[in-house]
Amino acid sequence: MTESACELCTGPGGRVLWQSAECRVVRVDDPALPGFCRVIWGAHVREMSDLPRSERQRLMAVVFAVEAAVRELFEPDKINLASFGNVVPHLHWHVIPRWRDDRHFPEPIWGRLQRERQPERPPVDDATLTRAIVRNLPEGE
């Protein structure tokens with residue numbers, strides 16, 4: 001896949017909550033999974049090992065800041081962190097809050113549906129989520 005055909009090179013990949021010169025955090029519009037975010041590396045690379053060690057460390061610091069913010073605001077039972085790139089071969093991480101009563105638990109969110117009804121979760125707006133992410137970023141990010 002060329003950069004011109006890559007949806008993460010040509011579009012944001014969700015609602016942008018925060019960005020730096022190197023990466024961005026977007027919120028995925030999925031009412032069944034409030035708080036689902038992606039951390040997307042800006043340059044078109046396929047794998048973590050394509051990045052120099054310092055850039056890998058900066059990227060993971062952002063992933064961990066998003067995880068901490070999501071845990072704080074959404075109080076999930078579990079967080080799933082994943083970097084697949086099977087469909088979109090552009091380095092990005094999924095930060096997915098999971099609850100024991102969500103529609104797919106304990107399956108992955110792309111797995112077999114376990115229950116029809118999705119429990120209501122208290123809403124958290126984008127501005128609140130962004131502030132929590134920024135609070136959890138290391139100094140200088």
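Biologist: Leaving aside its neighbours within four places in sequence, which residues is histidine 94 in contact with?

Modeller: A contact here is a pair of heavy atoms within 4.5 Å. This is a predicted model, and in it histidine 94 touches Phe36, Cys37, Arg38, Asn80, Leu81, Ala82, Phe84 and Trp110. Histidine 94 itself sits in strand 5.

Biologist: Is histidine 94 buried or exposed?

Modeller: Compare its relative accessibility with the cut-off: anything under 20% is buried. Histidine 94 comes out at 6%, so it counts as buried. You can also pair a sequence separation with a distance in space: histidine 94 and valine 26 are 68 residues apart along the chain, with their C-alpha atoms 9.8 Å apart.

Biologist: Let me step back to the whole fold. How many helices and strands are there in the protein chain?

Modeller: The chain has three helices and five strands. Reading from the N terminus, their order is α-β-β-β-α-β-β-α. The radius of gyration is 15 Å, close to the 14 Å from the globule rule for 141 residues, so the chain is as compact as a globular protein of that length.

Biologist: What does the C-alpha trace span along its principal axes?

Modeller: About 40 × 35 × 25 Å. Of the 141 residues, 43% count as buried. The accessible surface is about 7900 Å², and carbon and sulfur atoms make up 49% of that.

Biologist: And how far apart are the mean positions of the positive and negative charges?

Modeller: For the 19 positive and 21 negative charges, those mean positions are 3 Å apart.

Biologist: Now helix 2, please. What should the 22 residues of helix 2 span, at 1.5 Å a residue?

Modeller: The recipe is 1.5 Å times one less than the number of residues. For residues 53-74 that gives 32 Å, and the end C-alpha atoms are 31 Å apart, so the two agree. Just past the helix, glutamate 75 has a positive phi of about 50°.

Biologist: Which elements do the buried residues of helix 2 pack against?

Modeller: They pack against strand 1 (15-19), strand 2 (23-27), strand 3 (37-41), strand 4 (78-82), strand 5 (92-98) and helix 3. The buried set includes Leu59, Val62, Ala65, Val66 and Phe74, and also Glu67.

Biologist: Which residues does leucine 137 touch, not counting those up to four places away in sequence?

Modeller: Trp18, Val62 and Ala65. Val62 and Ala65 are among the buried residues of helix 2. Leucine 137 lies in the segment after helix 3 (126-136), and its 10% relative accessibility is why it counts as buried. Leucine 137 and alanine 65 are 72 residues apart in sequence, yet 5.2 Å apart between C-alpha atoms.

Biologist: What share of contacts between residues at least 6 apart in sequence join residues at least 24 apart?

Modeller: In this chain, 50% of them do.

Biologist: One last residue: where is the place of glycine 13?

Modeller: In the loop between helix 1 (7-10) and strand 1. Its relative accessibility is 25%, and partly exposed is the class between 20% and 50%, so glycine 13 counts as partly exposed. Beyond four places in sequence, glycine 13 touches Leu8, Val26, Arg38 and Ile40. Arg38 also appears among the contacts of histidine 94. Arginine 71 makes a useful reference point too: 58 residues separate it from glycine 13 in sequence, and their C-alpha atoms are 22 Å apart.

Technical notes. Residues numbered from 1 in each chain as written. Predicted model: local features only at pLDDT ≥ 70, side-chain atom pairs only at ≥ 80, totals over all residues. Heavy atoms only, no water. Helix = DSSP H or I, 4+ residues; strand = E, 2+ residues; numbered from the N terminus. Rg over C-alpha atoms; globule rule 2.2 N^0.38 Å. Buried < 20%, exposed > 50% of the residue type's maximum accessible area, 1.4 Å probe, protein only. Areas by Shrake-Rupley, 256 points an atom, 1.4 Å probe, with all protein chains shown as cover. Lys, Arg positive; Asp, Glu negative; His and termini not counted. Charge placed at Lys NZ, Arg CZ, Asp CG, Glu CD.
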